[in-house]
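The following report describes selected side-chain and backbone features of one protein chain, beginning with its ion pairs.

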Amino acid sequence: MTQDLFRQDAYLRECSAHITAVTDAGIVLDQTVFYPLGGGQAGDSGVLVLADGTQITIADTRKGKDADGNPTSDIVHIPAPGQEDRVAQLTPGTTVTARIDWERRHRMMRLHTTSHLLCHVVPQLVNGCSITPDYARLDFAMTDPLDKEQLTAAIATLVAAAHPLTVASISDEELDANPALVKSMSVQPPRGTGRIRTIRIGGGADAPPIDLQPCGGTHVANTSEIGTIVVTKIEKKSATTRRVVLGFAQ
């Protein structure tokens, strides 16, 4: 089992950890700041630094799977090609410093939070999404046309309002009683622990939140941190789907 430190603090850039396994899939640690591919968000990259300063470059991070392909509680750090000799010398119990590519991660945090703002601006169900370091895309189940400039302006207003983000959780029963909290048609919140992580943007006191939905991804602490992100493209993917692509302003 890998303790996922990024769930509690997305701003952790590194941590000390111990190797628990080295497999054909990659390197498993007892705890990590590396986010694994999931929920539409790309996996982190970075380095594992050994005590002597040797570095293992990590190209991607994935959730572990057992022999039957079922997900496990492990997080697997996938070494970049060309390091086979160094990886072969790693053994369980070895101490490493796990350090993410922070600039890459922070770009995804900004885009991921913007995608939640977009769910407020376009209040339709999402039937596909992708969060990468360079762009984010959301596919909305809708038939009405969308306007790039209007969406960009609406997002900019929410960013400038400096809405804080709050990480919390609800019970399975609370989610069942409020099914509208789930905005995605294609990705369902993970169950099994009894609690489901949520991201709230804004709200408080008597004010309703700008957005509230289950999410396991990494986000900025305040919308003001997002900066200038624009709608770069709107596509009609099908008769019932409109794709919106977000990118950083040039």
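The count of salt bridges comes to 9, where a salt bridge is a side-chain nitrogen of Lys or Arg within 4 Å of a carboxyl oxygen of Asp or Glu. The model is predicted, so that local features need pLDDT of at least 70 and side-chain atom pairs count only at pLDDT 80 or more, while totals for chains, interfaces and linings use all residues. Residues are numbered from 1 along each chain as its sequence is written, and side-chain values use heavy atoms, with hydrogens and water left out.

Among the salt bridges are these pairs:

| Pair | Closest N and O atoms |
|---|---|
| R99 and E14 | 2.8 Å |
| D134 and R107 | 3.4 Å |
| R137 and D139 | 3.4 Å |

The pair of R99 and E14 links distant parts of the chain, with R99 in strand β8 (residues 95-100) and E14 in strand β2 (residues 14-22), 85 residues apart; helices (H or I, at least four residues) and strands (E, at least two) are DSSP runs, numbered from the N terminus. R99 has a relative accessible area of 32% and is partly exposed, and E14, at 41%, is partly exposed as well, given that buried means under 20% relative accessible area, exposed over 50% and partly exposed in between (1.4 Å probe, protein chains only).

D134 lies in the loop between β9 (126-131) and β10 (135-141) and R107 lies in helix α2, so their salt bridge ties together parts that are 27 residues apart in sequence. D134 counts as exposed at 51% relative accessibility, whereas R107 is partly exposed at 25%.

R137 is partly exposed at 21% relative accessibility, while its partner D139 is buried at 7%. Together with R243, these two residues are linked in a network of salt bridges.

Helix α2 (residues 102-121) also meets helix α3 (residues 148-160): their axes come within 10 Å and cross at roughly 115°, the axes being lines fitted to C-alpha atoms over the stretch in contact, with angles that run from 0 to 180 degrees between N-to-C directions. In contact, meaning heavy atoms within 4.5 Å, are T114, L117, L118, H120 and V121 of α2 with L151, A154, I155, L158 and V159 of α3.

In the loop between α3 and β11 (165-171) is A162, whose phi is near 55°, a positive value in a residue other than glycine. Most residues other than glycine have a negative phi. A162 is partly exposed, at 33% relative accessibility.
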